[in-house]
Amino acid sequence: MRLDVVSIFPEYLAALDLSLIGKARRDGLLEMSVTDLRDFTADRHRTVDDTPYGGGAGMVMKPEPWAQALEQIRDSTPGSRGDQPGGPARSQRPVLIVPSPAGEVFTQETARELAERDHLVFACGRYEGIDERVLEWARESFEVRPMSLGDYVLNGGEVAVLAMVEAIGRLIPGVIGNPQSLVEESHSDGLLEYPVYTKPASWRERGIPEVLLSGHHGKIARWRRDEQLRRTSSRRPDLIERLQPADLDARDRAA
Ligand SMILES: N#Cc1c(-c2ccc3ccn(Cc4ccc(CN5CCCCC5)cc4)c3c2)n[nH]c1N
């Protein structure tokens, strides 16, 4: 997989050189490049914003620097242009992910879907956002996906990209050492994860659930599933409502 990020704060994305994503890059499991939008400006002040048509507070990001940055990324990626009329086939098109409070909400399902794609391009807006015509223009060559982290307002797209890249990157085969840990985490089966404990068995006069010391794998699995159901019912009843009958077995229903 190839990841490209465009931002006026490229240093914000330096955190992606750390930890698992950084190791995945060094291991060749993914390629990643960060582009400074200001490199595509034509004035001495490297201006990327201007006042909004129709008035209103704040500034809007100018379209031309974005189009030039995205063209360079598109044209430097084999197969992204395609020679078919109407541009590249969907499967070849890079996905242009545009963080925005007005986007679809990014979920674990979104991460799983995007982890299957060959080329993701993230456009980090700032100010009040990017001129909408950029997204319209980009649809000729990209699959354009406005994407939101959740229902709160950030100051720009970089924090969202850090979260999305981590959520997507960890699903790429080989990035996580133990793939089993991907199976049992929150949202992998529609439920929140169970509580975890480690040594010492007694800590500040607090013990751990006896079943976890029993060595009885079946009982431990049952306890963990019950804890998932209990936690999800208590903290995220909306997830319980979304569960399909097939997601719950007879023992769950009895719980
Ligand atoms: N992902 C994600 C996000 C973001 C996010 C992502 C990208 C950008 C780029 C700029 N901002 C700041 C911003 C965006 C909109 C507004 C409201 N304005 C009202 C008047 C018309 C114009 C828009 C204010 C400030 C961003 C915020 N916030 N929350 C998420 N989950």
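Biologist: Let's start with Tyr-12: which loop does it sit in?
Modeller: This is a predicted model, just so you know. In it, Tyr-12 is part of the loop that has β1 (2-7) on one side and α1 (19-26) on the other. The loop you want is the one between β1 and α1.

Biologist: Is Tyr-12 buried, partly exposed or exposed?
Modeller: Its relative accessible area is 36%. Buried means under 20% and exposed means over 50%, with partly exposed in between. That makes Tyr-12 partly exposed.

Biologist: Tyr-12 is in a nonpolar surface patch, so to speak; how much accessible area does that patch have together?
Modeller: Tyr-12 shares the patch with Phe-9, Tyr-152, Leu-154 and Val-159. Take those residues together and their accessible area is about 420 Å².

Biologist: On to α1: within what arc do its buried residues fall, seen down the axis?
Modeller: The buried residues of this helix are Ile-21, Gly-22 and Ala-24. Look down the axis of α1 and they line one face of the helix, because they fall within an arc of 160 degrees.

Biologist: Which helix do those buried residues pack against?
Modeller: On the other side of α1, you'll find Ser-19 and Arg-26 exposed. The buried residues of α1, though, pack against another helix, covering residues 158-169, and that's α5.

Biologist: What is the phi of Ser-19?
Modeller: Ser-19 is found in helix α1, and at 60% relative accessibility it counts as exposed. Most residues other than glycine have a negative phi. Ser-19 isn't a glycine, yet its phi is positive, near 55 degrees.

Biologist: And which residue with a positive phi follows α1?
Modeller: Here the phi is near 75 degrees. The residue that comes after α1 with that value is Gly-28.

Biologist: Now the charged pairs: how many salt bridges does a search of the whole structure find?
Modeller: Side chains of opposite charge can pair when their charged atoms come close. To count here, a side-chain nitrogen of Lys or Arg has to be within 4 Å of a carboxyl oxygen of Asp or Glu. Searching the whole structure that way gives a total of 19.

Biologist: Take Arg-126 and Glu-158: how many residues apart in sequence are the parts they tie together?
Modeller: Their side chains meet in a salt bridge, at 2.8 Å from N to O. Arg-126 lies in the loop between β6 (119-123) and α4 (132-138) while Glu-158 lies in helix α5, so the pair ties together parts that sit apart in sequence by 32 residues.

Biologist: Are Arg-126 and Glu-158 buried or exposed?
Modeller: The label buried needs a relative accessible area under 20%. Arg-126 gets that label and so does Glu-158, which leaves both of them buried.

Biologist: Which helix holds both Asp-238 and Arg-242?
Modeller: These two side chains also meet in a salt bridge, at 3.4 Å from N to O. Asp-238 is partly exposed at 31% relative accessible area, whereas Arg-242 is exposed at 55%. They lie four residues apart, about one turn of the helix, and that helix (residues 237-242) is α8.

Biologist: Which residues do salt bridges with shared partners join into one network?
Modeller: One pair in there is Glu-143 and Arg-145, whose side chains meet at 3.2 Å from N to O; both are buried. The network as a whole is made of Glu-104, Glu-113, Arg-117, Glu-143 and Arg-145.

Biologist: Which peptide bond is cis, with omega near 5 degrees?
Modeller: Most peptide bonds are trans. To find this cis one, look in the loop between α6 (180-183) and α7 (217-235), where Pro-200 lies. The cis bond runs from Lys-199 to Pro-200.

Biologist: What about Arg-204: what is its relative accessible area?
Modeller: Arg-204 lies in the loop between α6 and α7. It has a positive phi of about 50 degrees although it is not a glycine. Arg-204 is exposed, and its relative accessible area is 66%.

Biologist: Stepping back, how far apart are the C-alpha centres of domain 1 and domain 2?
Modeller: The chain has nine helices and seven strands. It's divided into domain 1 (2-169) and domain 2 (184-254). Between the C-alpha centres of the two, the distance is 37 Å.

How values were computed:
Residues numbered from 1 in each chain as written. Predicted model: local features only at pLDDT ≥ 70, side-chain atom pairs only at ≥ 80, totals over all residues. Heavy atoms only, no water. Patch = residues over 30% accessible without salt bridge, like charges linked within 9 Å, V, L, I, M, F, W, Y side chains within 5 Å. Areas by Shrake-Rupley, 256 points an atom, 1.4 Å probe, with all protein chains shown as cover. Helix = DSSP H or I, 4+ residues; strand = E, 2+ residues; numbered from the N terminus. Buried < 20%, exposed > 50% of the residue type's maximum accessible area, 1.4 Å probe, protein only. Arc of directions from axis to C-beta. Contact = heavy atoms within 4.5 Å. Domains from an automatic or database assignment.
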